[in-house]
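User: I would like a close look at one part of this model. Please take it step by step and then show me how that part fits into the rest.

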Amino acid sequence: MDVTSAADNEGRDGFPASPRPRDDAARSRPTVRPGPIRVALVEDHHLVREGLRLALAGAEGFEIVGEAASRAGALELVATTKPDVLLLDLTLPEGDALPLLESLPAIQPGLRVIILTMHSDPETVRQALAAGASGYLVKGAHLEELYAAIRAVARGQRYLHSSVTGAVVEDSIRWYRSGPLSAREREILRLAASGHAPSEIGTMLGISVHTVRRHIANVSEKLGLRGNNALTRYAIRSGLVTDD
């Protein structure tokens with residue numbers, strides 16, 4: 001089997017999950033129900049959903065409680081069926097599913113979410129885990145790996161596909177060595193995430209635009225994030241700016 005279960009990774013491998021204003025204690029103590037694990041599917045491709053449904057229906061210990069193909073459908077699905085585990089495609093018709101992932105604890109505290117995606121790059125994995133995912137599987141995983149992931153997260157553990165665990169470990173080491181953001185870097189990140197251009201930030205802080213850009217590059221390197229959207233999401237999760 002080419003997948004490794006990373007049970008209880010949090011706190012042992014040093015992965016730098018960003019601070020999140022949510023009840024992590026509730027998330028780490030899933031409600032244990034008697035009987036099969038109740039699983040919901042959120043995937044916009046009909047054939048993939050059908051395959052997942054058939055695979056889980058044919059295995060012992062799982063019950064499919066519903067399906068959805070969009071963000072709105074996913075919110076309604078979780079609210080009405082209260083699944084134990086949600087399998088979530090990272091790309092939905094409306095775009096990135098991370099905002100949906102971050103909103104789910106308000107609807108069902110303790111819900112365990114497994115990302116099922118084609119993306120295995122470290123930045124995507126990091127953002128998904130920081131947004132609240134309990135598991136991460138790359139599409140193409142064996143069925144036994146899917147079953148193991150669902151059982152692990154339902155027990156309150158974490159599960160990472162082996163194709164991404166190495167990247168997570170390397171990312172953790174890089175982050176640990178780089179150290180935290182300085183006060184100046186946090187200030188510049190706050191302003192950039194608020195929509196100010198580098199030239200505006202330079203004027204506000206009395207520094208050159210070149211210095212601003214160098215600070216932004218340093219922040220990107222320390223956090224391992226690329227692009228304004230990723231940096232803005234980090235700033236929101238860290239409380240530097242509000243998501244108005």
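Which residue takes a positive phi just after α3, and about how many degrees is it?

Analyst: The residue is K82. Just after α3, K82 has a positive phi of about 50 degrees. One point before the details: this is a predicted model.

Start with the angle. Most residues other than glycine have a negative phi. K82 is not a glycine, yet its phi is positive. Now place it. K82 sits in the loop between α3 (71–81) and β3 (85–89). Is K82 buried or exposed? Neither label fits. Its relative accessibility is 31%, so K82 counts as partly exposed. The reason is the cut-offs: buried means under 20%, exposed means over 50%, and partly exposed lies in between.

Next, step back into the helix before this loop. At the N-terminal end of α3, S70 acts as a cap. A side-chain oxygen of S70 lies 3.1 Å from the backbone nitrogen of G73. So you have a cap by S70 at the N-terminal end of α3, and a positive phi at K82 just after the helix.

Now look at the sides of α3. Its buried residues are A74, L77, V78 and T81. Around the axis they cover an arc of only 95 degrees, which means that they lie on the same side of α3. The face turned away from that buried side carries A72, E76 and T80, which are exposed. What covers the buried residues? The cover includes β1, β2, β3 and α4 (98–107).

Follow the chain past K82 and the loop, and you reach β3. Here 5 of the 5 residues are buried, so β3 is largely enclosed by the rest of the structure. Both faces of β3 are covered. V85, L87 and D89 are buried on one side, and L86 and L88 are buried on the other.

Where does β3 sit in the sheet? The sheet is open and has 6 strands, in the order β2-β1-β3-β6-β7-β8, with parallel pairing. At the edges stand β2 and β8 (159–160), each with a single partner strand, so one side of each has no neighbour in the sheet. In that order, β3 stands between β1 and β6. Strands of a sheet pair through backbone hydrogen bonds, either parallel or antiparallel.

Take the β1 side of β3. The two strands run parallel and are joined by 4 bridges. One marker is V39, which stands opposite V85 in β3. Now the β6 side. Here 5 bridges join β3 to β6, again in parallel. D89 has L116 of β6 as its bridge partner.

Go one strand further out from β1. Strand β1 (residues 37–42) and strand β2 (residues 62–68) run parallel, joined by 6 bridges. Between β1 and β2 the chain passes through helix α2 (residues 46–57), and this β-α-β crossover is right-handed. Within the pair, R38 stands opposite E63 in β2.

Now go the other way, from β6 to strand β7 (residues 135–138). These two also run parallel, with 4 bridges between them. I114 stands opposite G135 in β7. Strand β6 covers residues 112–117, and T117 belongs to it. T117 is buried, because its relative accessibility is 2%. Leaving out residues up to four places away in sequence, T117 touches L90, Y136, L137, V138 and K139.

Finally, the whole chain. It has 11 helices and 8 strands. Of its 244 residues, 46% count as buried. Among contacts with a separation of 6 or more, 71% join residues 24 or more positions apart.

How confident is the prediction? The average pLDDT is 82, and 82% of the residues score at least 70. Residues 1–28 are below 50, although this stretch has 65 contacts in the model beyond near neighbours in sequence.

To put the part back together: S70 caps α3 at its N-terminal end, K82 follows the helix with a positive phi, and the loop that holds K82 leads from α3 to β3.

Conventions. Residues numbered from 1 in each chain as written. Predicted model: local features only at pLDDT ≥ 70, side-chain atom pairs only at ≥ 80, totals over all residues. Heavy atoms only, no water. Buried < 20%, exposed > 50% of the residue type's maximum accessible area, 1.4 Å probe, protein only. Contact = heavy atoms within 4.5 Å. Pairing = 2+ DSSP bridges. Right-handed = clockwise from strand over helix to strand, strands pointing away. Arc of directions from axis to C-beta. Polar contact = N/O pair within 3.5 Å; in protein donor to acceptor, adjacent residues only side chain to side chain. pLDDT = per-residue confidence, 0-100.
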